[in-house]
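Before any modelling work, it helps to know where enclosed space is left inside a protein and which residues surround that space. Please look over the sequence and structure below with that topic in mind.

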Amino acid sequence: MDVPLFFLAYGYLVVVLCAALGGVARLEAARRRRESGDPADSAPLAADGAGGGAGREVLEVAWLSGGPLRVVDTALIAMERDGLLRISTRLSVGGRVHLTWGREPRTAVEEAIVRTHGEARARGTSVPEVRPLRRLCVRTPEVLAVGRSLKDRGLDYGLTWRWLFRACDRVLRTLTYLCFGFMAVVTVVGFVHFARDPAWGPHILLCDALAAVAALLCGLVRHHVLPGAGDRTTAGADLARGIRRGDAGGSGAAASSTGLMLGVALDGAGCLPDAPLRELLTECGAGADGDASWSDFFSGGSDAGSGGDGGGSGGDSGSSSCGSSCGSSCGSSCGSSSSD
């Protein structure tokens, strides 16, 4: 029985290390929060000066609610609503992004989108689509700077910690399955030995009990000790809850541009009053909840291999429902868009 107990010892060690990592991450975030001296402001509603656009504070809310992809989505929607770009489904159900000539970006993230759009257009033969453009923009320095600012103030764990959380979660999940498999093997093999020698009974029960406890601890650490890949720090979660309580909520926030952008930052494209644009962006993942948005970011998405030049429409084969949604303000963009 030494080999089974040796395996279980390693399992317990993994659980302890993952729990320790989660504890260290939480303590570091709390330390950064104390050292920053940044007051908790539950109403980050300002735009970036007189130029408009999604302000830095709104983009920080977007990061806290859905990560880098939500930041890009919020900036894209602000640019579309203010006429800096048009999203056309005329020749591609994936929605091609056309920049408006003569309009200058107003924020650093908008500058990153414009620059990335130009780079993608230079490498490709057609106008970039929404989904690949999001994927290209998400790792630009301007977008990542939003997360770094939050990390420095103890409002976010940072991408490095989040990658570790994701890896530990997978390890603990795999270990849980191994524990149940271990219990099954030990029970079957032990039953054979028990039939020959009843003295094996206590050893079988001990191994099964230790494996069951290890599986239980894996679940406890995964769900209650180790932060998830999309989780916020305690201070970040408190800030987001305060903002949500102060927000008008849902599509009713469309009464003001800032209120709408804050709604998009909190809940994604699902709060847009423009149904065709909402459906298109939701198909592209912009309407996903926070955990799904982070998961899409870490996984690279199904379009990761097709987004270099934003080329063909095959990368968005799942968004055929958007093909007939050219209406409302999105439809007017389609009618005036240039031919690809």
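The briefing that follows takes the overall fold, then the surface and burial, then the internal cavities.

The model shown here is a predicted one, and the protein it describes has 340 residues, of which 47% count as buried. A search of the whole structure finds two cavities of 30 Å³ or more, and the lining of the largest cavity is set out residue by residue below.

**Fold**
- The secondary structure of the protein comes to 12 helices and two strands, and, read from the N terminus on, these elements follow the order α-α-β-β-α-α-α-α-α-α-α-α-α-α.
- When contacts between residues at least 6 apart in sequence are taken together, 74% of them join residues that are at least 24 apart.

**Surface**
- The protein has an accessible surface of about 15,400 Å², and carbon and sulfur atoms account for 60% of that area.

**Cavities**
- Rolling a probe the size of a water molecule over the atoms reveals where empty space remains.
- The largest cavity holds about 40 Å³ of space, and its lining is made up of A25, E28, A29, R32, K151, D156, Y157 and W161.
- Helix 1, which spans residues 2–36, gives the most to this lining, with four residues.
- Sorted by class, the lining of the largest cavity has four nonpolar and four charged residues, with no polar residues.

Key: Residues numbered from 1 in each chain as written. Predicted model: local features only at pLDDT ≥ 70, side-chain atom pairs only at ≥ 80, totals over all residues. Heavy atoms only, no water. 1 Å grid on protein atoms, 1.4 Å probe; cavity = no way out; pocket = protein on both sides within 12 Å on 5 of 7 lines; lining within 4 Å. Points joined across faces, edges and corners; volume = space filled by probe spheres on them. Nonpolar A, V, L, I, M, F, W, Y, C, P; charged D, E, K, R; others polar. Buried < 20%, exposed > 50% of the residue type's maximum accessible area, 1.4 Å probe, protein only. Contact = heavy atoms within 4.5 Å. Areas by Shrake-Rupley, 256 points an atom, 1.4 Å probe, with all protein chains shown as cover.
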